[in-house]
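Hello,

Here is the structure I promised to pass on to you. Please have a look at it first, and then read on for what turned up.

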Amino acid sequence: MAQSFVSLTAKQVMQDAPVIPVIVLHDVAHAVPLARALMAGGIRMLEITLRTSVALECMRVIRAEVPEAIVGAGTVCHARDVDACLEAGARFAVSPGYTTQLGAACRDRVLPLLPGVATASEIMQAQHDGYTELKFFPAIQAGGVAMLKALYGPFSHIQFCPTGGITAQNAGEFLALPNVACVGGSWLVPAEALVQADYARIETLARQTAKLGSQNRVSHPS
Ligand code: 3PG
């Protein structure tokens with residue numbers, strides 16, 4: 001049975017499914033069929049990146065037409081972006097890095113944030129500000145599985161969402177780690193599948209990834 005969330009936490013965002021799709025949309029017309037395909041494949045936490053001019057509009061139409069999907073904003077780099085994300089219906093935010101200004105803006109507006117970190121110092125800053133569910137970015141380039149194992153020593157209470165270079169082939173190695181709750185990746189939403197309106201392919205990719213296991217995942221949408 002799918003869990004419904006009145007007030008979402010970062011932990012719930014990370015534990016809902018093994019993968020958070022990192023989505024880049026250039027055409028609003030792709031948003032709703034994409035969300036439906038991912039939902040049909042068992043993925044409902046959708047990270048729409050603020051990398052295109054239509055990103056906020058895509059969030060709005062998904063919220064309106066696929067209300068069972070949980071829309072988040074990705075590539076949130078500035079505190080000034082937070083209000084626009086909330087207005088567009090974002091229920092969580094993901095950032096490639098961390099600033100105290102962004103952390104404070106999200107906390108003030110009660111928007112769950114998965115801030116990006118790649119070093120021990122960045123983790124220390126984020127945890128000082130109260131963030132313990134973090135994106136590890138760029139995961140492969142920043143040391144991959146070996147780095148996460150090393151970070152587990154001093155930061156065993158931190159849960160990571162490794163993102164950047166994760167694929168269907170290597171996701172399992174990450175998800176097997178005790179400090180990884182989920183992974184993030186763009187591979188579920190290939191740009192050419194959107195252009196070709198091949199939503200069946202996206203649904204299949206989502207269905208395959210939804211089956212990946214994480215020892216830290218406690219719930220899963222039905
Ligand atoms: C991100 O935007 O968070 C990452 O760049 C996604 O990386 P990927 O395209 O390697 O999955």
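Which residues does L56 touch, not counting residues up to four places away in sequence? They are L50, A84, C85 and A88. Before going further, please keep in mind that this is a predicted model.

L56 itself is found in helix α3, which covers residues 55–65. Is L56 buried or exposed? Neither label fits, because its relative accessibility is 25% and buried would need a value under 20%, exposed one over 50%. L56 therefore counts as partly exposed. There is also a link across the sequence here: L56 and G89 are 33 residues apart along the chain, yet their C-alpha atoms are 8.5 Å apart in space.

Other residues of the helix are out of reach of the surface probe to a degree that makes them buried: in α3 these are A55, C58, M59, V61 and I62. What do the buried residues of α3 pack against? Their partners are helix α2 (31–40) and the strands β2 (45–49) and β3 (70–74).

Now to the sheet. Three strands form an open sheet in the order β6-β7-β8, and the pairing is parallel. Why do β6 (116–117) and β8 (159–162) each have one side without a neighbour in the sheet? Both stand at the edges and have a single partner strand each, so nothing in the sheet flanks that side. As a reminder, strands of a sheet pair through backbone hydrogen bonds. Between β6 and β7 (residues 133–136), which run parallel, there are two bridges. Within this pair, G116 is placed opposite K135 of β7.

K135 also takes us to the ligand, as one of the residues around it. The others are V22, R51, F137, T163, G164, G165, G185 and S186. By type, this shell divides into two nonpolar, five polar and two charged residues. Three side chains place an N or O atom by a ligand oxygen: for R51 the distance is 2.2 Å, for S186 it is 2.6 Å, and for K135 it is 2.7 Å. On its own the ligand has 320 Å² of accessible area, and the protein covers 78% of that.

I hope this gives you a good start, and I would be glad to hear your thoughts.

Best wishes

Terms used
Residues numbered from 1 in each chain as written. Predicted model: local features only at pLDDT ≥ 70, side-chain atom pairs only at ≥ 80, totals over all residues. Heavy atoms only, no water. Near = heavy atom within 4 Å. Polar contact = N/O pair within 3.5 Å; in protein donor to acceptor, adjacent residues only side chain to side chain. Areas by Shrake-Rupley, 256 points an atom, 1.4 Å probe, with all protein chains shown as cover. Nonpolar A, V, L, I, M, F, W, Y, C, P; charged D, E, K, R; others polar. Helix = DSSP H or I, 4+ residues; strand = E, 2+ residues; numbered from the N terminus. Buried < 20%, exposed > 50% of the residue type's maximum accessible area, 1.4 Å probe, protein only. Contact = heavy atoms within 4.5 Å. Pairing = 2+ DSSP bridges.
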